[in-house]
Amino acid sequence: MKPKKQFFTTPIYYVNAKPHLGHAYTSIAADVATRFKQIDDYETFFLTGTDEHGDKIVQAAQKQETTPKEYADNISQLFQDLLPVLNVKNNHFIRTTDPGHIQVVKDVLSKIYDSGDIYFSSYEGLYCFGCERFYQERELIDGKCQDHGVEPTVIKESNYFFKMSKYQKWLINHIKANPDFIQPEQYKNEILSFLKDPLEDLCISRPKSRLTWGITLPFDEDYVTYVWFDALVNYISALGYPDGKLFKKFWPSTRHFVAKDIIKPHGIYWPIMLKAADIEIYNGLNVHGFWNVKGSKMSKSIGNVTDPIQVTNKYGIDPFRYFLMREMVFGLDANFTEETIVSRINSDLANDLGNLFSRVLSMNSRYFTGEVKGSDAKIEKQKNLSLASDAKKAVDEFKQAMSLCEFHKGVGAIWQFISIMNKYIDTTAPWTLAKDDANVLILGTVLYNLIEGLRVVSCLIYPIMPQTSLKMQETLCMEKREKGFYSLEETFPWGQIKKGTIIEKPDILFPRIDTNKIKPKSHKKKLSASNFDKSVAPGNPVK
Ligand code: MSP
């Protein structure tokens, strides 16, 4: 069988500001998707990086009285330093100021220029300096650019243009013929609806009289290239296009992660650039929504720009990763507040999973001094005590959802199984069984099924919470895998924990957060009623 390959990318982030929650989300989502592919036996490559040319960077550098390069070096370093904090394992970090990247941008431009798809013309248009692009009148709202809320400036200049219009029909057909090219569906529809109007040719140069911080056009020394023409090429330059081994190996399996703000460059400019340069079209685009903070768009003036390092320091990396994947429906916007993260930690992590883990192992300690008794096949069948088919269902649903980047559903499938295990404890009532020696085989079978269930959970949570997965596996005395995780295939057959294994009582997986310490009094009642009380049940102490 052909080995399975997967190349994932994040956008390369602008270096005009420090990384925030939104950047952290895309990087974590792409990391979770990569780790999921790894447990599904794919060979993966994961790329992220920084976008360092353009007006915005020059302006930001000027404000700090430094050079664009020095400024870019500093902020790019912040993005690089963030990755280990988030436990994001990228294979490469690309910067658009890398000499290798610059050369590939020039090569691609030359190729398209030579084929006749780039032409020189004078143009008068409405230019937004914030977006670094020309606008059509119909794209403006009340005459203003939506992103910056300013009226664009009329600019007249001679520039180079890319014949995007020539490829409009081809692109529409390509999108329709490849249903998962742009996912989720609503963003595919957005792009197709945009393509109903005639596509304008794209201005791809900026005169050096106006901007020097960019890549010089290979066919005209007086111009630099438009930032998007530079930035998008990172995805192939990082793989060593055209002859690099990585390019040949991974490019056909590319899926780009982006948020909804940049679907146009990715869903329209990029495939057309590839087509014009005679390069295979990437496999697909995974588009997510925006994180708002306390109900508003993150902005410096509101003061709600959330620093992912602070959140991680406060709540821990695995809880943060879990929260982001669980709370956002991929494709839709989500809201970040301290109350919601704390509620998720206390109910889903501390109560549902953490208490299940410590309850089961504490009971095994108490009743069998930590020794795994194993399941009695006859009793298991007679009393219908097996959890194997519930575990199998969880694995199948998890796999299906994660393959479609429906992370919240993937997590939901695991937690559904956790909830089944918690109910199983309530109905089998091991503390009652333990009162009578005649029940010892039943008790052993019950605890064995629960321990096996925890083993499966430890394998499935790996992409989302790698550290917790490892911690659970160490506690359960599972053999350490050299690759660092158990593959989905390896989660079955059921019954891998050996009879006779001695399992110690575990440390607490997720400490409960004292809600009184983190939130204003007025919110207290609402939170405890809706989120905490109902989930206390599985956390009852062992009777
Ligand atoms: N440099 C371009 C991308 C070039 S890719 C060839 C750029 N940079 S950016 O710094 O503005 O990053 C935009 C991306 O950051 C979004 O597409 C998304 O991945 C992430 N996010 C920024 N703010 C976000 C939210 N509030 N919520 C979720 N993700 C967001 O555009």
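Reader: How many nonpolar, polar and charged residues does the shell around the ligand have?
Author: This is a predicted model. The ligand has 23 residues around it. Sorted by class, the shell holds 2 charged, 8 polar and 13 nonpolar residues.

Reader: Which element gives the most to the shell around the ligand?
Author: At least two shell residues each come from α1 (21-39), α7 (227-231), α8 (234-237) and β1 (5-14). With 4 residues, the element that gives the most is β1.

Reader: How much of the ligand does the protein bury?
Author: Polar atoms of the protein approach the ligand at several points. A ligand nitrogen atom is 2.8 Å from a polar backbone atom of Ile12, and a ligand oxygen atom is 3.0 Å from a polar backbone atom of Ala259. Asp261 places a polar side-chain atom 2.8 Å from an oxygen atom of the ligand. Taken alone the ligand exposes 670 Å², and the share buried by the protein is 93%.

Reader: What area is buried between domain 1 and domain 2?
Author: Domain 1 spans 5-290 and domain 2 spans 338-491; their centres, taken over C-alpha atoms, are 43 Å apart. Contact between them involves 14 residues of domain 1 and 18 residues of domain 2. Carbon and sulfur atoms give 68% of the buried area, which is about 1,300 Å².

Reader: Which three residues supply more than any other three of the area that domain 1 buries against domain 2?
Author: The residues asked for supply 46% of the area that domain 1 buries against domain 2. They are Arg35, Phe36 and Ile39.

Technical notes
Residues numbered from 1 in each chain as written. Predicted model: local features only at pLDDT ≥ 70, side-chain atom pairs only at ≥ 80, totals over all residues. Heavy atoms only, no water. Near = heavy atom within 4 Å. Polar contact = N/O pair within 3.5 Å; in protein donor to acceptor, adjacent residues only side chain to side chain. Areas by Shrake-Rupley, 256 points an atom, 1.4 Å probe, with all protein chains shown as cover. Nonpolar A, V, L, I, M, F, W, Y, C, P; charged D, E, K, R; others polar. Domains from an automatic or database assignment. Contact = heavy atoms within 4.5 Å. Buried area = accessible area lost by both parts, 1.4 Å probe.
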